[in-house]
Amino acid sequence: LSRGLGDVYKRQALQSALVGHERPITQMHWGGGTPTYLDGGQITELMHVLASNFRLLDKGYREYSIEIDPRTVDPTTIALLKGVGFNRVSLGIQDFDDRVQKAVNRVQPFAQVAQLVEAVRAHGFRSMGFDLIYGLPYQDHFTMAETLRRVISLRPDRIACYNYAHLPERFLPQRSIDRHTLPEPEEKLLMAQMIAATLRDAGYRFIGMDHYVLPDDDLALACGEDRLQRNIQGYSLRIAEDILGLGMSSISQIGDFYLQNARSLDEYTALTTAGRLPITRGYLMNREDKLRRHIIMSLICELRLDIPECEMEHGIRFKEHFAGALDSLRRAEADGLLKISDQSLTVTETGRPFLRNLCMPFDAYLADQATSGTTRFSATI
């Protein structure tokens with residue numbers, strides 16, 4: 001672990017020299033795993049090194065968030081996180097059912113999580129989120145209903161409900177999961193629909209793909225004012241000009257470039273030791289990429305695409321340019337999942353659980369994958 005942190009520190013110094021240490025960091029997110037496996041001293045040291053290389057802010061509008069594994073922290077850790085500058089936290093709950101937790105090796109009693117929630121509120125964090133997953137072993141809509149009851153009793157500001165992606169060929173720990181214990185697609189769809197209805201009835205607002213928030217949350221207010229944005233890390237109040245990824249396998253978005261760091265520790269270490277940035281893959285967006293990003297982001301953030309605005313901004317005739325995509329969406333329109341007109345594409349209430357599917361016809365790279373016969377991603381349901 002110390003070896004990995006040392007390489008991150010070298011990466012910070014190299015990157016700071018390139019992007020400038022005076023540029024303000026308005027958003028910071030520690031995630032991509034479980035950063036709270038670091039102890040208090042390591043968390044403090046890492047934040048200090050970040051402050052040495054970049055201009056961290058002490059302003060109310062900053063968004064400094066961290067993902068928390070409830071098994072690795074206690075109320076003292078929560079106080080430390082607030083003290084070093086974090087103002088948003090998300091707790092990886094996944095599920096509260098005992099059998100499900102044991103199946104995924106993630107045992108964390110409800111009482112333990114409730115204690116952490118109390119500490120988060122006592123220290124005045126700006127928002128607290130729960131991350132749930134549906135489609136795990138032994139889950140069904142009955143167990144999920146009980147998990148949701150417990151979640152709602154703790155009243156987090158934000159709730160993300162992700163579809164479990166079973167990809168044992170890519171993620172070794174998943175090989176211990178018996179696929180026969182996973183819910184069938186019909187049961188997963190029922191869970192998704194029940195989650196949406198239950199959270200809506202509890203006062204949460206659906207703001208887009210997988211995410212529900214309380215009406216007074218910053219994201220809900222941004223959604224109501226058409227200010228909601230989405231970046232590599234998820235929904236946000238604003239889009240940063242550049243996104244800098246630090247650490248193994250992290251992704252950066254600098255200008256029109258997407259860049260990814262080495263995905264193995266050995267390669268990452270070798271590059272940083274040699275004084276080189278550990279970037280192993282990169283892509284420069286073209287005009288078509290930007291057009292399709294505009295469409296997908298509009299649907300994900302606003303549940304609507306303004307077609308004349310899109311045509312004007314990108315210099316296209318929408319119906320001609322996306323004739324194939326529109327044809328593929330006709331069945332979804334017939335099923336009441338979205339409305340198609342000359343002026344707009346609009347996702348309906350019924351279509352919200354299928355938002356990923358409604359965006360997929362505009363993803364040229366998914367089309368390329370289908371043509372080549374390769375599959376790198378999980379099913380959406």
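This report covers a three-stranded sheet, the helices packed on it, and one helix pair in a predicted model.

## The sheet

Strands 15, 17 and 16 form an open sheet in that order, with antiparallel pairing. Strand 15 (304-306) and strand 16 (338-340) each have a single partner strand and stand at the edges, so one side of each lacks a neighbour in the sheet. From one strand to the next, the twist averages 10 degrees.

Strand 17 comprises residues 344-347 and runs antiparallel to strand 15, to which three bridges join it. Leucine 305 has leucine 345 in strand 17 as its bridge partner.

## Helices on the sheet

Helix 11 (residues 307-314) lies across strand 15 and strand 17. The angle between helix 11 and strand 15 is about 55 degrees.

Helix 13 (residues 323-334) also packs on the sheet, where it touches strand 16 and strand 17. The direction of helix 13 makes about 130 degrees with that of strand 16.

## Helix 5 and helix 6

Helix 5 (residues 110-122) packs with helix 6 (residues 141-154) at an angle of about 25 degrees, and their axes are 10 Å apart. Angles under 35 degrees count as roughly parallel, and helix 5 and helix 6 are therefore roughly parallel to each other. Their crossing is right-handed.

On the helix 5 side, the contact involves Phe110, Val113, Ala114, Val117 and Arg121. These meet Arg150, Ser153 and Leu154 in helix 6. By class, the residues of this contact are five nonpolar, one polar and two charged.

Notes: Residues are numbered from 1 along each chain as its sequence is written. This is a predicted model: local features need pLDDT of at least 70, side-chain atom pairs count only at pLDDT 80 or more; totals for chains, interfaces and linings use all residues. Side-chain values use heavy atoms; hydrogens and water are left out. Two strands pair if DSSP finds at least two bridges between them. Helices (H or I, at least four residues) and strands (E, at least two) are DSSP runs, numbered from the N terminus. Axes are lines fitted to C-alpha atoms, for helices over the stretch in contact, and angles run from 0 to 180 degrees between N-to-C directions. Contact means heavy atoms within 4.5 Å. Angles under 35 degrees count as roughly parallel, over 145 as roughly antiparallel, 65 to 115 as roughly perpendicular and the rest as oblique. A crossing is left-handed if the near helix is turned anticlockwise from the far one by less than a right angle, and right-handed if clockwise. Ala, Val, Leu, Ile, Met, Phe, Trp, Tyr, Cys and Pro count as nonpolar, Asp, Glu, Lys and Arg as charged, and the others, Gly among them, as polar.
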